[in-house]
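Let's walk through this model together, from its surface to its interior. Please keep the sequence and the 3D view side by side as you read.

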Amino acid sequence: MKPKKIFLILAAVIVLFGIWYFFLRTKEQVINLTTEKPVIGPISTSVTATGTVQPVDTVTVGTQVSGTISALYADFNSTVKKGELLAELDKVLIQSTVDQAKANLIQAQSNQTYQEANFNRQQQLFQTGSISKADYDLALNTLQVAKANVNNVKAQLRAAERNLSFTQIYSPIDGVVLSRSVSIGQTVAASFSTPTLFTIAKDITKMQVQAKVDEADIGNVRTGQRSTFTVDAFIDDTFNGTVKEIRLQPSISANVVTYATLIDAPNDDKKLKPGMTANIIIYTKEVNNALLVSAQALKFHPDSSLSKKYEIVPAPGHKKGNGNEGKGNQKNQAKKPIDGDVVANPTAYVWVLAGNKLLQKKIKTGLNDNTHVQVLSGLSENEVVVTSASGPSAGTPTAAASSPFMPKRGGKR
């Protein structure tokens, strides 16, 4: 055979081998395990809610008499002291009532003086027998009516003077004016209800948040629990508070039942302002030094493909099968907590990597925040826990996602 033909045959073989090696050959896929060691750290369960920032104590200042606003001495954001003059009403009409009552009092007192003198004369005549008993009784009755009339006019005068004092509006507390509802020249009528002139916050360095907690979460909320919240005005700042009160009166909106929960919020820097919307987190349970593993570790289950590289050892009491030993025990595993609920010492299983072995461990779990799980027993800090595997059919860390809008395949029941 000629060397040229031999060369062509060798070239063709090399080309075919290259095509097979790079394009047709089934490449061996490597299975990689993702592992972690348990860590010590804090874990908590919480409840989220929205609410409104408001002062701890507010006072509405009104007027008991009708009239026209003649002067204002306080405005929005004014800092006022207890007893400080805030506003005045026009005094002309009420002052006239006071003057009229004073004149009536003078008239009644003069009539009383006259009737006392007349009674004294009638009494002397009656004692000498010059007048009848009827005339004496008439003089006595007239005197008593005059005295009663004096007392009546005095009461009217006191009421008029009191109403006159009501034309001056004073602050009942130390605080800050949140709102002013009137202006100079405006007429206020107090015939049926007290008009609101000012709203004063007692102390804006002590605020509170009124949170709306859903009925599904309110069972886990207790007085004294720690809380944090943010407001849109200071999105990078986190404010701390404490649950102070859970009000029993429910609020129903769009068939959603919520309960008002008051949270203390110190406001020494006065960043918080009344009416701000707060996004609140209430920590229902907290553990500071807990042994933690990823929640994903509880969902990992090896299959038969890992048995080629690792020896799969199920937990005592589990039969070694096709590598899916953990799947048959889902009923015994911890149920996923809903809204921070925790099942007392539930049982769960994790897989630990020890050399070329995958060991299934039975553990007791506590708090679960859906990211980490508290391990109460069955695991140590030095063990290596498998959380997931990459490769062909390496394991089932999570269930395959499916679209809720796609039709379901039929199957046997």
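A patch is built from residues with over 30% relative accessible area and no salt bridge, with nonpolar side chains (Val, Leu, Ile, Met, Phe, Trp, Tyr) joined within 5 Å and like charges within 9 Å. A salt bridge here is a side-chain nitrogen of Lys or Arg within 4 Å of a carboxyl oxygen of Asp or Glu, and accessible areas come from the Shrake-Rupley method with a 1.4 Å probe, counting only the protein chains shown as cover for residues. Val-15, Leu-16 and Ile-19 make up one such nonpolar surface patch, together offering about 280 Å² of accessible area. Val-15 belongs to helix 1 (residues 3-24); helices (H or I, at least four residues) and strands (E, at least two) are DSSP runs numbered from the N terminus.

This is a predicted model, in which local features need pLDDT of at least 70 and side-chain atom pairs pLDDT 80 or more, while totals for chains, interfaces and linings use all residues. Residues are numbered from 1 along each chain as its sequence is written, and side-chain values use heavy atoms, without hydrogens and water.

Now for the interior. A nonpolar core is a set of buried Ala, Val, Leu, Ile, Met, Phe, Trp, Tyr and Cys residues joined through side-chain atoms within 4.5 Å, where buried means under 20% relative accessible area, exposed over 50% and partly exposed in between (1.4 Å probe, protein chains only). The largest core has 27 residues, and Leu-86, Phe-198 and Ile-200 have the most contacts inside it. Strand 6 (85-89), helix 2 (92-127), helix 3 (133-165) and strand 10 (196-201) each give two or more residues to this core. Apart from it lies another core of 20 residues, including Phe-229 and Ile-263.
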